[in-house]
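Visitor: I would like to walk through this model and ask why each label is used. Could you set the values against the cut-offs as we go?

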Amino acid sequence: MPSALCASKKRYRALTRGTKPEAGPNAPVVYWLSRDQRVRDNWALLRACDVARANDAPVVIAFNLLTKFLGAGARQFGFMLRGLRELEGAAKAKNVTFAMTYGDEPAIAIDALAKKIGAKTIVCDFSPLRDGLKWRKELAALCEARSAHCEECDAHNVVPCWEASDKLEVGARTLRGRLAKRYPEFLHEFPEVPDDLPKYSGPALDAVKWDDIIAEALSRGQAVPEVTWAIPGETAAHAVLDDFVNSRMKLYEKRNDPSKPQALSGLSPWLHFGQISGQRCALEAKKAVGKASPPAYESFFEELVVRRELSDNFCYYSPKYDQIEGQKYDWAKDTLRLHASDKRPYLYSLEELERAKTHDDLWNAAQRELRYGGKMHGFCRMYWAKKILEWTESPEQALKFAIYLNDTYSLDGRDPSGYVGCMWSIVGVHDQGWKEREVFGKIRYMAYDSTKKKFSIPDYIARVNALVKAAKADFKSGESSHAANPGLFKINVPAANKRKATEEAQ
Ligand SMILES: Cc1cc2nc3c(=O)[nH]c(=O)nc-3n(C[C@H](O)[C@H](O)[C@H](O)COP(=O)(O)OP(=O)(O)OC[C@H]3O[C@@H](n4cnc5c(N)ncnc54)[C@H](O)[C@@H]3O)c2cc1C
């Protein structure tokens, strides 16, 4: 038997009881691809290949398309579907068939496909979010009822979430050491997906009508149109990574200056959709450390691995990750309650916030960057969310508005790091108590006056103005211009997945 591609048995675990992986020439292994939408560097796909190789079986990748998902619009659906279209071709080159199922009950749809093609083993990737956990549980129950085997494999984190810790961590300082102990076991190169798997030859699967489903998703979500600078898919993701580690990582220590956006990797949209593996990014960054500097590399690694995996830890072990009660510690909940009736210096409605109609030019620029660029600079995200706490009626309303705006406009929204970012800013998650003040209580405050000493606010506003102008021109022409990219970095691929932009309702 060939040696296992997914070498560590701790990366995956059974979701069904009393079953074991079974497959054969007429019983393909199904990989239900959901969070990790790539062929390269994907432990869940590699695990499916292991079961298939051991049984001379083919692999079928199944993806279930929902009609709606946590407020995602054309911007996010377009990015995802165009990325999946590329994935179908990459899978085919490895003899792996891609199938699409449809509907808002993914477990039922995936199980029905598995039954139709005679599959007795389904491998899922992992998500710590409520919907993902619920769907996998439902799928496991359906599998168990017909004695089929279902397992999940964490292909998103370097150290599988449940292996990194069995409890809610206090913060980065407690998770960092736990992760570091496990890097020798988990932080290593990926094997290639084999290209000698038997080809699927079971009952015919419907060809995916990409043009039709993309057009439908764009029309349904047209209130938030696509951003044309963001080229979706694995090829573009690797081009962004390559450009960052070889040319821009050396700037990473300037990452808190929004007027120099190239200092950030810009990778979050591709990481969010799993179009690139975080582990791949960490490995390539390490190889390129000589072109940057050890501190730049270390800071990048800290964000990419420690902070990102801390977000999964929070969402997994705190199911109310997007609500005030999701904060475990009383100091934060008590202080917010104590200051709930403090007079707010300004009060804005959701619509005023959405349209960037506040008195604060920095906040308005950040909101416009999000709305027109599809991604807000990381430093501004903190300021932006904290001001929402200051200018709305209650912490509950602030959290609701921040998550709504982030998930509606950001390409990387609906992500554990987004919920944790909002909870850190507004509810003090992973933070400590600070000097008490109005509205915030002991939650960390950020002031315009101290922020303006950190970077040039006029330079940032000028950059956002240029971005909005370029984005509006792109919406009209369908072209993709460099100035519309919030990160101002190059994506060195032919715009194979060219997007047709629609004009945004003003
Ligand atoms: C209010 C608020 C909302 C946020 N919403 C999101 C979101 O919806 N999606 C999202 O991916 N991140 C979110 N973040 C975290 C962080 O701001 C973004 O990951 C980062 O700005 C993405 O840009 P980048 O890839 O250029 O970052 P880089 O600095 O180049 O970082 C590389 C990668 O590290 C990870 N990372 C960086 N910073 C953090 C962090 N603080 N917490 C967790 N992971 C991090 C991300 O995966 C990121 O892509 C939010 C933060 C705040 C304060």
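Guide: Gladly, and let us start with what a helix number means. A helix here is a DSSP run of H or I with at least four residues, and the numbering starts from the N terminus. Please keep in mind that the model is predicted.

Visitor: Which helix gives the most to the shell around the ligand?

Guide: That is α11, with 6 residues. At least two residues of the shell come from each of α9, α11, α15 (378-390) and α17 (416-427). The shell has 27 residues around the ligand, and Tyr252, Ser265, Gly266, Lys375 and Asn406 come nearest.

Visitor: What makes the approach of Glu303 to the ligand a polar contact?

Guide: A nitrogen atom of the ligand is 3.2 Å from an N or O atom in the Glu303 side chain. The cut-off for such a pair is 3.5 Å, so the distance qualifies. Backbone atoms take part too: a polar one of Leu267 is 3.2 Å from a ligand oxygen, and a polar one of Leu304 is 3.4 Å from a ligand oxygen. As for cover, the ligand taken alone exposes 810 Å², and the protein buries 91% of that.

Visitor: Why is the pair Glu303 and Arg255 called a salt bridge?

Guide: Their closest N and O atoms are 3.8 Å apart. The limit is 4 Å between a side-chain nitrogen of Lys or Arg and a carboxyl oxygen of Asp or Glu, so the pair counts. The two partners are 48 residues apart, with Glu303 in helix α11 (residues 294-317) and Arg255 in the loop between α8 (234-248) and α9 (268-272).

Visitor: How do you know whether Glu303 and Arg255 are buried or exposed?

Guide: Buried means under 20% relative accessible area and exposed means over 50%, with partly exposed in between. Glu303 has 33%, so the label is partly exposed. Arg255 has 19%, and therefore counts as buried.

Visitor: How many salt bridges does the structure hold?

Guide: There are 37. One of them joins the side chains of Glu189 and Arg280, at 3.0 Å from N to O. That pair links distant parts of the chain, 91 residues apart: Glu189 is in the loop between α6 (172-186) and α7 (210-220), while Arg280 is in helix α10 (residues 278-287). Glu189 is partly exposed because its relative accessibility is 40%, whereas Arg280 is buried because its value is 7%.

Visitor: What separates Glu284 and Lys287 in helix α10?

Guide: About one helical turn, because they are 3 residues apart in α10. These two form a salt bridge as well, with the closest N and O atoms 2.8 Å apart. Salt bridges that share partners join Asp41, Glu189, Arg280, Glu284 and Lys287 into one network. Within that group, Lys287 is called exposed because its relative accessible area is 57%.

Visitor: Let us turn to another helix. Why is Asp111 called buried?

Guide: Its relative accessibility is 4%, so Asp111 counts as buried. Asp111 sits in helix α3 (residues 106-117). Beyond its neighbours within four places in sequence, Asp111 is in contact with Leu139, Leu142, Cys143 and Arg146. With Arg146 there is also a polar contact of 3.0 Å between the side chains.

Visitor: How do you know that the span of α3 is close to the expected one?

Guide: From its first C-alpha to its last, this helix of 12 residues reaches 17 Å, against an expected 16 Å at 1.5 Å a residue. Its buried residues, including Pro106, Ala109, Leu113 and Ile117, pack against β2 (29-32), β3 (59-65), β4 (97-102), β5 (121-125) and α4 (130-145). After α3 comes Gly118, whose phi is positive, near 80 degrees.

Visitor: And what makes Val208 buried?

Guide: Val208 has a relative accessible area of 11%, which means that it is buried. Val208 lies in the loop between α6 and α7. Not counting residues up to four places away in sequence, Val208 touches Glu88, Phe98, Met100, Tyr102 and Ile213. Glu354, by contrast, is 146 residues from Val208 in sequence and 36 Å away in space, C-alpha to C-alpha.

Conventions:
Residues are numbered from 1 along each chain as its sequence is written. This is a predicted model: local features need pLDDT of at least 70, side-chain atom pairs count only at pLDDT 80 or more; totals for chains, interfaces and linings use all residues. Side-chain values use heavy atoms; hydrogens and water are left out. Buried means under 20% relative accessible area, exposed over 50%, partly exposed in between (1.4 Å probe, protein chains only). A polar contact is a pair of N or O atoms within 3.5 Å; within protein, one must be able to donate a hydrogen and the other to accept it, and residues adjacent in sequence count only if both atoms are side-chain atoms. Contact means heavy atoms within 4.5 Å. The expected span of a helix is 1.5 Å times one less than its number of residues. A residue is near a molecule or strand if one of its heavy atoms lies within 4 Å of it. Accessible areas come from the Shrake-Rupley method with a 1.4 Å probe; for residues, only the protein chains shown count as cover.
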